[in-house]
Amino acid sequence: MDLYNLTTVTQFILIGISDLPEVRYPLFLTFVIIYQVTLAGNGAILLAIGIEKKLHTPMYFLLANLSLLDIFCPSATVPKMLQNLLTDDHSISFVGCALQLYFLVALVGTEVFLLAVMAYDRYVAICFPLRYTLIMTNMRCVQLLTGTWTAGFLNSLLHTMMTFSLSFCRSNRVNQYYCDIPPVVALSCSSTYLSDMLILVVGGILAISAFLTTLVSYMYIISTILMIQSAEGKRKAFSTCASHLTVVGLFYGTAIFTYMHSSSSQNAIARDRLISMLYGVITPMLNPMIYSLRNTEVKGALRRLLCF
């Protein structure tokens, strides 16, 4: 194969929303509003937790990290998407695509691990309430969070290096509105066997481990709640984890549709792009709403913050 053809791709074209020219201005306005609400909502959660001393506990320390991720994750894709909606230039440099993919995969991976840690925190709080402060100490919380962020970014570094070590000599048109592993790997003209196996083995083991941690934690939580005699006791116990359970369901539900559902028809591809937008843009906006509506302590702190 001609060596020149192996090195011609110096930029990629993001075509995820370029086939919707008639609605690009309404989409621009919609995503500007969603992004601003996301920043404001998660920023308010961070500010409330930082100011309210009663919320300086492991549970809310973990929630603050979730709000940080919900600010960073859309910030990796939305600004570029807004630029593409306003201009006819949908290109992104090779390095820019690699950086976007790296931070996106790192942040999403970190959120997967963080949701597992949050589930473990609720498991300890409900199943071992008398020992909670002994198990979930500030030092233990810092250690769990350090491991969560480190694992997410190291996992992403491995996937990014493997993805962009491939040769790209066919099309440079990424069939998505941001750089992600599957659509970028699909453009490679070299063997993708190692990259595919890396996603399957490493990504699969880490994702399944985090998911099983979350699932098993909630199995124990539900069984413990069902053993509580009084209806009021059950309600109070469930209220402490209802917000997190809702966020977990929203996260994994959209993730499954985004990454495990593939279609070839044009209508199905357009639908999959909309689902990926839901996953990457709308979910981070909903998370602070879920916590502020269902958690009385967060709701009270936000009310005092707004009154102040």
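## Nonpolar cores

In this predicted model, the largest nonpolar core (buried Ala, Val, Leu, Ile, Met, Phe, Trp, Tyr and Cys residues joined through side-chain atoms within 4.5 Å, where buried means under 20% relative accessible area with a 1.4 Å probe, protein chains only) has 63 residues, and those with the most contacts inside it are Phe 31, Leu 63 and Leu 66. Helix 5 gives the largest share of this core, 16 residues; helices are DSSP runs of H or I with at least four residues, numbered from the N terminus.

Beyond its neighbours within four places in sequence, Leu 63 is in contact (heavy atoms within 4.5 Å) with Ile 45, Ile 49, Met 118, Tyr 291 and Val 298. Another core lies apart from the largest one and has 17 residues, including Phe 168, Val 174, Cys 179 and Val 184.

## Largest cavity

The largest cavity (a set of points on a 1 Å grid over the protein atoms alone where a 1.4 Å probe fits but cannot get out) holds about 100 Å³ of space, the volume being that filled by probe spheres set on the points. Of its 13 lining residues, which have an atom within 4 Å of a point, Met 59, Met 118, Arg 122, His 244 and Tyr 291 are the closest to its centre. Helix 3 (58-75), helix 5 (94-127) and helix 11 (242-260) each give two or more residues to this lining.

## Basis of the values

Residues are numbered from 1 along each chain as its sequence is written. Local features need pLDDT of at least 70 and side-chain atom pairs 80 or more, while totals for chains, interfaces and linings use all residues, and side-chain values use heavy atoms, without hydrogens and water.

Notes: On a 1 Å grid over the protein atoms alone, a cavity is a set of points where a 1.4 Å probe fits but cannot get out, and a pocket is an open set with protein on both sides within 12 Å along at least five of seven lines; lining residues have an atom within 4 Å of a point. Buried means under 20% relative accessible area, exposed over 50%, partly exposed in between (1.4 Å probe, protein chains only).
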